[in-house]
Amino acid sequence: MKRIYAIEEVCIGCHLCEVYCQVEHSRSRNIIKTFKDEVPPPSRITVEEDGPVSFALQCRHCPEPYCAYACIAGAIYQDEQTGEVIQDRDKCIGCWTCVLSCTKGAIRADTRGPRKAAKCDLCPGRETPACIEMCPNDALYIVEEEF
Amino acid sequence: MATKKYKYLIIGNSAGGIGCVEGIRRVDKKGSIAVVSDEKYHTYSRPLITHLIEGDVDRRGMDFRPRTFYRGHDVQPYLGYRAQDLDTEGRSVTLISENGGKGNTIRFEKMLVATGGKPFIPPMEGLDLDGVTAMINLDQSLEVRKKLGRVQNAVVLGAGLIGTKTAQALSHQVDNVTMVELAERILALVTDAVSSDMAVEAFRHSGVQVLLGNTVTEVKGDSKGRVSEVILKDGTVLPCELFVVAIGVRPRTEFLEGTGVALANMKVGGGVAVDLNMETNIKGIYACGDCAHAHDFVTGGMRLLPLWPNAYIGGRIAGMNMAGSSHQHKWATNMNSVDFFGFPMVSAGFMLKPDKKGFEEITRSEKDRYSKVILKDDVIQGLIMAGEVDRAGIYLGLMREKVKTTSFKKELLTDDFAVVHLPFEVKEKIKQPIMEIE
């Protein structure tokens, strides 16, 4: 199971992980076009700050995924091989039950078009998720854990 | 008439039944499983039946699990069969097919009852007219969809979850939709006066007529036996070609009458009595979902909680326990999430501040946004977020963990509220994945 963690002491609260998460999940995948020509998608990672303390938080891909258990559309499931908690965006109807169920506050409402929940998908197709690759201070890292 | 034997028998093919299959298979990869349902369909998402009418979900989109589910989980489905003659000592049931013919006798070692709910239909004349229906299953939804062409006026009686979702769906397909509710607020179980008003406004803004403090007293039909109008308590006459009755759901427990499986008192709505393991008074027989009680982590008591997440998790825990694990279902409370015409609303626990010592409420009110928490001795016991729902789950987590909010109570509903401001141990726990279901 791949999981992304933040190093609180190293995070400088620059929010670039949020920006690049938005770019990665935009239509154009181009930073200028994403913010100039498109309605940018919600970031699936959230930087939290309190004075000198800051960290980024996204889906933990919980071994006991309450969001998947609560989903009324069968749109969230746990991959049996990888343990990854996956959202089938086509099946999502935007009822926000997962938003209420995720105790990390890691699922966002995407209201750009047809209403859909948005959560970390570990950037399928990329070797390293965008948030990790673009973090200027190496405050994010990915680990392979049991699930 | 053959006799078949399975290790696990599951009555019900919706959230609870599927949760049970997945729970069993997490522990026991081999034990034989049979799933029985009187509905002939592959498992579908019941809360989406109104979306089928609205048109934003197609028939295939209703599938709750892929079509390979039963095969992939080594399950024998008996779809279109009703179970009866439960013998709790001999551990058997008889299956009756749709046309009434007796089918197999099924013997089992462990059983889950996840029979769901049935609509409450008031004693009223005219409810047998064509064009009058409840809205709790796929057949009813498909039937309404077929009739839409000749419906210009629709009336929905009841503004609970089913009524509101039905009215919303119909408004996309029918010229005139009226929702009639006896109470002074809609969705009474999941709103307070303020959030109800906001939701009503969303309905009215989208062209749905909402009549509160009123009800239907008479249903009239035409010479062809089709519904033609309903008459309200205040005398208003509403012409309609479709009349949906959605005033409530009751546990469906007839199957258990006289079998020795204990039911809860009707004063608390009935339903199968279970313990935290989801087991009934009869060892090896479990129950979950709309037909059964569940533990409410806010009130601390056992009650009916006819909600999808409760059914799924109750079934999953029952399944794991049936297969020999030991888990307790402590993740249920009154929790709901809806979106009406782009206006989102979530809620959990108490909606109104109980009139008792130690309770207080904090609210935040803006033009298109409203939020409220109800606290008891600084522990959150109620939540409403309307208009803006992002990060609502953090509050639900604090509720479930019974976290004292004393040190951050002032920030609870402000823009500053975030995981980073929570006490160290709480913050660190939230940052970690949930590993155990209890």
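**Exercise 1. Helix 1 of chain B and its cover**

Task: Find what covers the buried residues of helix 1 of chain B in this predicted model. Then decide whether the helix is enclosed or open.

Solution.
Step 1. Look around the helix. Its buried residues are covered by elements of chain B that include strand 1 (3-11), strand 2 (33-37), strand 3 (75-79), strand 6 (102-113) and helix 7 (308-322).
Step 2. List the buried residues. Among them are B:Ala15, B:Gly16, B:Ile18, B:Cys20, B:Val21 and B:Ile24. The charged-looking names also need a check: B:Glu22 and B:Arg25 are buried in helix 1 of chain B.
Step 3. Judge the whole helix. Of its 13 residues, 11 are buried, so helix 1 of chain B is largely enclosed by the rest of the structure.
Step 4. Check the length. Helix 1 of chain B covers residues 15-27. At 1.5 Å a residue, its 13 residues should span 18 Å. The end C-alpha atoms are 19 Å apart, which agrees.

**Exercise 2. Helix 7 and the nonpolar core**

Task: Which residues touch the most other members of the largest nonpolar core? Which helix gives the largest share of that core?

Solution.
Step 1. Take the core. It holds 175 residues, and A:Cys131, B:Ile10 and B:Leu112 touch the most other members.
Step 2. Find the main contributor. Helix 7 of chain B gives the largest share, eight residues.
Step 3. Check how covered this helix is. In helix 7 of chain B, 15 of its 15 residues are buried.
Step 4. Check its length. Helix 7 of chain B reaches 21 Å from its first C-alpha to its last, close to the 21 Å expected at 1.5 Å a residue.
Step 5. Follow one core residue. Beyond its close sequence neighbours, B:Leu112 touches B:Ile10, B:Ile11, B:Cys20, B:Tyr286, B:Ala287, B:Cys288, B:Gly315, B:Ala318 and B:Met322.
Step 6. Place some of these partners. B:Cys20 is a buried residue of helix 1 of chain B.
Step 7. Look past the helix. B:Gly324 follows helix 7 of chain B and has a positive phi, near 110°.

**Exercise 3. Chain B as a whole**

Task: Describe the build of chain B, then work out how its radius of gyration compares with the globule rule.

Solution.
Step 1. Count the elements. Chain B has nine helices and 24 strands.
Step 2. Compare radii. The radius of gyration is 23 Å, close to the 22 Å that the globule rule gives for 438 residues, so chain B is as compact as a globular protein of that length.
Step 3. Add the box. The C-alpha atoms of chain B fill roughly 70 × 65 × 40 Å along the principal axes.
Step 4. Add burial. Of its 438 residues, 47% count as buried.
Step 5. Look at contact range. Take contacts in chain B between residues at least 6 apart in sequence: 63% of them join residues at least 24 apart.

**Exercise 4. Domains of chain B**

Task: Where do the domains of chain B lie, and what makes up the contact of domain 1 with domain 2?

Solution.
Step 1. Read the assignment. It gives domain 1 (3-118 + 250-322), domain 2 (121-247) and domain 3 (344-431).
Step 2. Place the centres. Those of domain 1 and domain 2 of chain B are 29 Å apart.
Step 3. Count the contact. Domain 1 of chain B gives 12 residues and domain 2 of chain B gives 14 residues.
Step 4. Find the main element. On the domain 1 side, helix 2 (residues 49-54) of chain B gives the most, with six residues.
Step 5. Sort that side. It divides into six nonpolar, four polar and two charged residues.

**Exercise 5. Where chain A meets chain B**

Task: How many residues does each chain give to the contact, and which element of chain A gives the largest share?

Solution.
Step 1. Count. Chain A gives 34 residues and chain B gives 43 residues.
Step 2. Name the contributor. Helix 4 of chain A gives the largest share of its side, four residues.
Step 3. Sort the chain A side. It has 17 nonpolar, seven polar and 10 charged residues.

**Exercise 6. Two positive phi values**

Task: Are A:Trp96 and A:Cys123 buried or partly exposed?

Solution.
Step 1. Note the angles. A:Trp96 has a positive phi of about 75°, and phi of A:Cys123 is near 50°. Neither A:Trp96 nor A:Cys123 is a glycine.
Step 2. Locate A:Trp96. It is in the loop between strand 5 (85-87) and helix 4 of chain A.
Step 3. Locate A:Cys123. It lies in the loop between strand 7 (116-118) and helix 5 (130-134) of chain A.
Step 4. Apply the cut-off: a residue with 20 or more other C-beta atoms within 10 Å is buried. A:Trp96 has 25, so it is buried. A:Cys123 has 19, so it is partly exposed.

Definitions and conventions. Residues are numbered from 1 along each chain as its sequence is written. Chains are lettered from A and ligands numbered from 1 in the order in which they are written. This is a predicted model: local features need pLDDT of at least 70, side-chain atom pairs count only at pLDDT 80 or more; totals for chains, interfaces and linings use all residues. Domain bounds come from an automatic or database domain assignment. Two residues are in contact if their C-beta atoms, placed from the backbone, lie within 7 Å. Helices (H or I, at least four residues) and strands (E, at least two) are DSSP runs, numbered from the N terminus. Ala, Val, Leu, Ile, Met, Phe, Trp, Tyr, Cys and Pro count as nonpolar, Asp, Glu, Lys and Arg as charged, and the others, Gly among them, as polar. The expected span of a helix is 1.5 Å times one less than its number of residues. A residue is buried if 20 or more other C-beta atoms lie within 10 Å of its own, exposed if 12 or fewer, and partly exposed in between; C-beta atoms are placed from the backbone. The radius of gyration is taken over C-alpha atoms; the globule rule is 2.2 Å times the number of residues to the power 0.38. A nonpolar core is a set of buried Ala, Val, Leu, Ile, Met, Phe, Trp, Tyr and Cys residues joined through C-beta atoms within 7 Å. Lists of a residue's contacts leave out its neighbours within four places in sequence.
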